Amino acid sequence: MSYADQIFIQNCRDILDHGVWDTDCQVRPVWEDGAPAHTIKRFGIVNRYDLSGEFPVITLRRTAFKSAVDELLWIWQKKSNNIHDLNSHIWDSWADENGSIGKAYGYQLGVKHHYKEGDFDQVDRILYDLKHNPLSRRIMSNIYNHHDLHEMNLYPCAYSMTFNVSGHTLNGILNQRSQDMLTANSWNVCQYAVLLHMFAQVSGL
């Protein structure tokens, strides 16, 4: 059993033992038959993984690793908001007739911002700082842009990354507004572990 498996089991037990059901509330999501899709939630779960010891993928159930990485690259490398640039169909229900999901995810990472060193999008600014300002406490991304929320077909779930270089080691924190533990936990953990590995590699960390 991997360490990620142990964390996953602990999370599920914590949610079931201490979570709060919304069965007495009206909810937006519904099942295929129209019945309300109620959930049990636990707010503020924090997990830590040591990527130097193990890649954090669960073995208790299948993780669609290639599709997870493909989505990560769609957002962070292609900086795309169009499903035609994605090899899976996980975003199909959120796309318009042209394939766009609006000003979300990759779109936000690709917007250029002005700095004293020049114009960078968020990804290129992170890479610049990791190479040139590794001691900075300001190396982060944020795609939860309130100005553009009304033009996003889905508000960002994984919305912010904070990076920190300690010695010769790159650390990262992923913030999410919400997550489906059974569907998305291993998916998101794997994605951002891959991102951290890639940023560390290209930055010589």
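Helices and strands here are DSSP runs, helices (H or I) of at least four residues and strands (E) of at least two, numbered from the N terminus. With that in hand, Cys157 is easy to place: in this predicted model, Cys157 sits in the loop between β5 (140-142) and β6. UniProt, in an unreviewed entry, gives Cys157 the annotation "active site". Cys157 has a relative accessible area of 21%, so it counts as partly exposed, given that buried means under 20%. The UniProt record, again as an unreviewed entry, also puts the feature "domain: Thymidylate synthase/dCMP hydroxymethylase" at residues 7-205. Across residues 7-205, helix makes up 32% of the chain and strand 15%. The C-alpha atoms at the two ends of that stretch are 26 Å apart.

Next comes helix α5, which spans residues 181-203. From first C-alpha to last, the 23 residues of α5 reach 32 Å, close to the 33 Å expected at 1.5 Å a residue. Of those 23 residues, 17 are buried, so α5 is largely enclosed by the rest of the structure. Both ends of the helix have something to show. At the N-terminal end, Asp180 acts as a cap, with a side-chain oxygen 3.1 Å from the backbone nitrogen of Leu182. After the helix comes Gly204, with a positive phi near 70°.

α5 also turns up in the walls of the second largest pocket, a space of about 180 Å³. Three helices, α2 (65-76), α4 (122-132) and α5, each put at least two residues into the lining of this pocket. The largest share, 4 residues, comes from α5. The lining residues include Leu195, Met198, Phe199 and Val202, along with Val123 and Leu127. Leu73, Trp76, Gln77 and Lys79 line the pocket too. By class, the lining comes out as 8 nonpolar residues, 1 polar and 1 charged.

Two of those lining residues deserve a second look. Leu73 belongs to helix α2, and its relative accessibility of 24% makes it partly exposed. The C-alpha atoms of Leu73 and Asp129 are 20 Å apart, with the two positions 56 residues apart along the chain. Lys79 lies in the loop between α2 and α3 (106-110). The backbone of Lys79 has a positive phi, near 50°, in a residue other than glycine. As a rule, most residues other than glycine have a negative phi.

The loop between α2 and α3 holds other residues of interest, Tyr105 among them. Tyr105 is not a glycine either, yet its phi is positive, at about 50°. With a relative accessible area of 6%, Tyr105 is buried. Gly102 is found in the loop between α2 and α3 as well, and at 12% relative accessibility it counts as buried. The C-alpha atom of Gly102 is separated by 6.6 Å from that of Asn81, which is 21 residues away along the chain.

Back in helix α2, Leu72 is buried, with a relative accessible area of 1%. The C-alpha atoms of Leu72 and Tyr192 are 7.9 Å apart, although 120 residues separate the two in sequence.

Tyr192 also has a part in the enclosed space of the model, as one of the residues lining the largest cavity. Rolling a probe the size of a water molecule over the atoms shows where empty space is left. Searching the whole structure turns up 1 cavity of 30 Å³ or more, with a volume of about 50 Å³. The elements that give two or more residues to its lining are α2 and β6 (158-166). β6 gives the most, with 4 residues. Ala158, Tyr159, Ser160 and Met161 are in the cavity lining, as are Ile75 and Trp76. The lining also takes in Leu109, Ser141 and Ile143. By class, 8 of the cavity-lining residues are nonpolar, 2 are polar and none is charged. Trp76 appears in both linings, that of the second largest pocket and that of the largest cavity.

How values were computed: Residues are numbered from 1 along each chain as its sequence is written. This is a predicted model: local features need pLDDT of at least 70, side-chain atom pairs count only at pLDDT 80 or more; totals for chains, interfaces and linings use all residues. Side-chain values use heavy atoms; hydrogens and water are left out. On a 1 Å grid over the protein atoms alone, a cavity is a set of points where a 1.4 Å probe fits but cannot get out, and a pocket is an open set with protein on both sides within 12 Å along at least five of seven lines; lining residues have an atom within 4 Å of a point. Grid points are joined across faces, edges and corners, and a volume is the space filled by probe spheres set on the points. Ala, Val, Leu, Ile, Met, Phe, Trp, Tyr, Cys and Pro count as nonpolar, Asp, Glu, Lys and Arg as charged, and the others, Gly among them, as polar. Buried means under 20% relative accessible area, exposed over 50%, partly exposed in between (1.4 Å probe, protein chains only). UniProt positions are given in the numbering used here, feature names are shortened, and annotations may be inferred rather than shown by experiment. The expected span of a helix is 1.5 Å times one less than its number of residues. A polar contact is a pair of N or O atoms within 3.5 Å; within protein, one must be able to donate a hydrogen and the other to accept it, and residues adjacent in sequence count only if both atoms are side-chain atoms.
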